[in-house]
Structures are given as structure tokens and as C-alpha cells.
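Biologist: I'm new to this one, so could you pick a single spot and go through it closely? After that, please show me what else is around in the model.

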Amino acid sequence: MAATQNLQRIARDGLSYQQLLPLIEAALRADAPVLLRGHPGVGKSALAAELAERLHLPLLDLRLAQKDPAELAGIYAPNAARTGLELLPPDWALQLAERPMLLFLDEINAAVTKLHQAAAYQLVLERRVGPVRFHPQTRVLAAGNLDEDRALATPLSTALLNRFVHFRLRVDAADWLQWARDQGLHLGICDYIEAHGRRGAQLLYQNSGQDAFATPRSWAQAARLLATVGKRDGLLLLAASVGPTAAEQYQRWQQLAGKVSPRAIVVDGKLPDLGAAPLNDPSLRLNLLYGVADYLAGEAETDSEPRPERWLQHVAQFLALPDLDVEHAVLFLRRLPVGVRRQLEVSPHFASLAARLVDVQLANLEGEHARAA
């Protein structure tokens, strides 16, 4: 049962860049066409480029939605003797026939018509354009956005879908951080994502519905921009890249960085003075509260993995600080995954705070009854 649930979770959530790399490579080497889906800006094109290098094949990027169907299937023209018509194949098809390549059908489901899908079926299944057949060592990789992303995704025919091996690329903070640091991107942004542990993936991708929103690609773009301008302009450029919501979250974290550390609270038990600036600002205090919850939740492979007892003790002491009321503890607990929350709730260090929570809830219920009467 556990193995089945794990497969269902992988199908729903996907795998990371590093996990997918050897799997897709193996499928392509076996000449199985692959369809890779994922959110916009998560690294599908980068994965295709790296696979081409690993396979020692030139990459040919073909975007169906940007091509007229005639550009995909070729056009017919009179032959030299004017006795009939002959197909004039597109130049890219001739390239695929002359030498082995990795054909990358990017954005395959980006609002393509039935004619585009018919052309894609010929490319994927028959490896040809009209009479022009691809080199036998040519491999096919397609990529598309997810239906929920509102990225002009059009359902593909079942006949076409059934020809692919299907993978989903998920946002992975550790993979992105490794790449970002190798690229020498802005350390502040790298530290921000890293500070939130496994929840860093939720910061990397936040489709807010605004024109600018957070993706691994837009964070990388923002990191390059921040390296070239001052602090004030940097914030405006950040908002223009990842959206105002993500930019405000980053700004609040920066105000805390260097003054107080969620890691120091959880691991070392260094409790901050919440009555002193900047933590006397309610919004920053709440941001710190969530940062501590995210650190406790993120520093393990799974939610059920036991956290050290001293960590739970430090967190209980933090929640008991006089400048944190019981409502803060409720918000903190709601932020935690169920498995981590249960560990904290059964810890003996949490007992006194739990009693206060019960007292407050009872008082609230009594007040509601009194008002109703």
C-alpha cells in the first residue's frame, strides 16, 4: 500500500531535476519519446539542454505553437518537369535526417490546433516529415505546461499522449540552490530560499495571478538584477520580476536577517527580545514566527522523522515568550505539517503552553455562549 501511495504522490507532485535527469536519459537512450510537464520557469528547457549534452547530441528546439502547420509538414510545389507536385520539407527536417539530434518539442500543448497535433503525431510516432525520415539515432523530448497554470495549455489527444513516457518536474529548492550558487547569483536571494528549508520550493514558485510572479526562472532573473543596482531600485526590480507579494516577503526576511535566526532559535535555543526593534513590529514578529515553523518543518526528509527533543524544548520556550500571545501559538501550529505538529504537541515541554491554549479556547467558548444568551 505504501509503495502504491508513493507512486501516486510522485505522479501528482513530480520529481526533482536531479531525480529526473537519469530517468529521462535512460528513456531517451532506449528510444522512448518523453513528455515532460511542469510549471512555467521551473527548468524544463535547462533539463533538455543538459540531456542533449549527456547524450552527445545537438539540440533542435522546435515550438509547435510558433509554427504554421505548413512549416511543420512542408509545402508542395511543382517538380522540375512540371508533371506533378513534390514536397519541399522544412530545413529543420533536413537537419534531423542528416545527423542524429535531440528534437525538443517545447510547449507542445501551448494552444496548438488539431493540425499541429497531427504533425506532432508524425514527428513523435513515425519520426518523419512526409517522405523525409529522421536519422535513426535522433531522439524526441517534448515539454509542456500544466493545465492549472493557465499557460494556454491545450489537452493533447489520447493517441498522442499514449506514445510518450510521462514525467513531471517539480520545484525543488535544493536543486535550484545548487544551480544558483554555481552561477554566482545574488547571495541574499540564495540565503532567503535556503533559510526556509523544504518550504523554499513554495517561495520559488508562487503563481499569484499577477503579471509578475515567482518562479525559479524569475528569481534567477531578479538575482542578476539585484547585483547591478542599489537597494531602493533593487526592491522595485525584484517586485517587477517576482511580483509585489514575493518581493514584500523577501524584504521582511531581509529586515530580520543578521538580527535573529530561526535556526539559532530552534537548534541553539537563542531566544530573541521580541519587545525591541525590529521585532516589536507585528508583521516582522509574525514573519519570524513562520520562519521558526518552517525551519522546524524543513530540517528533515519527511514530516514524520523525529526532531531532536531539545529542538522541541527550544520551540516551546520560544512560544512561551511573554511578547507572544496564545494566538501566535495557534498560528504557529497551523503552519506546521501534521506530523511535525504532533511531535511538538506530545512533547512534555509543550504541556504548560497546551494548558494555556485549552484555557483560552474555553474562555472564548464561554464568551460566545454569553453573547448568544
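**A close look at one residue**

Modeller: Let's start with Thr 138, which counts as buried because its relative accessibility is just 1% (buried means under 20% relative accessible area, exposed over 50%, partly exposed in between, with a 1.4 Å probe and protein chains only). This is a predicted model, in which local features need pLDDT of at least 70 and side-chain atom pairs pLDDT 80 or more, while totals for chains, interfaces and linings use all residues. Numbering runs from 1 along each chain as its sequence is written, and side-chain values use heavy atoms, without hydrogens or water.

Thr 138 sits in the loop that runs between β7 (132–133) and β8 (139–144). (Helices, H or I of at least four residues, and strands, E of at least two, are DSSP runs numbered from the N terminus.) What does the side chain of Thr 138 reach? It gets to the backbone nitrogen of Met 101, at 3.3 Å. Leaving out residues up to four places away in sequence, Thr 138 touches Asp 31, Leu 96, Arg 99, Pro 100, Met 101 and Arg 127 (contact means heavy atoms within 4.5 Å).

Follow the chain past β8 and you come to another loop, the one between β8 and α7 (158–161), where Asp 147 lies. Asp 147 is exposed, because its relative accessible area is 55%. The C-alpha atoms of Asp 147 and Gly 38 are 9.5 Å apart, although 109 residues separate the two along the chain.

Stepping back, the protein has 19 helices and 9 strands. Of its 373 residues, 45% are buried. If you take the contacts with a separation of 6 or more, 73% of them are between residues 24 or more positions apart.

One helix to look at is α13, residues 244–256. Its 13 residues reach 19 Å from first C-alpha to last, close to the 18 Å expected at 1.5 Å a residue (that is, 1.5 Å times one less than the number of residues). Ala 246, Ala 247, Tyr 250, Trp 253 and Leu 256 are the buried residues of α13, and they pack against α9 (187–195), α11 (216–226), α12 (231–242) and α15 (282–298). After α13 comes Gly 258, with a positive phi near 90°.

Now the pockets. The largest pocket holds about 1,000 Å³ of space. (On a 1 Å grid over protein atoms alone, a pocket is an open set of points where a 1.4 Å probe fits, with protein on both sides within 12 Å along at least five of seven lines; lining residues have an atom within 4 Å of a point.) Its lining has 31 residues, with Arg 170, Val 171, Asp 172, Arg 198 and Ala 201 nearest the centre. Two or more lining residues come from each of α1 (2–13), β9 (165–169), α8 (173–182), α9, α10 (200–204) and α15, and α1 gives the most, with 4.

The second largest pocket has about 660 Å³ of space. It is lined by 27 residues, and Gly 41, Val 42, Gly 43, Lys 44 and Ala 46 are the closest to its centre. The elements giving two or more residues to this lining are α2 (17–29), α3 (44–55), α8 and α11, with the largest share, 5 residues, coming from α8.

Conventions. Points joined across faces, edges and corners; volume = space filled by probe spheres on them. Polar contact = N/O pair within 3.5 Å; in protein donor to acceptor, adjacent residues only side chain to side chain.
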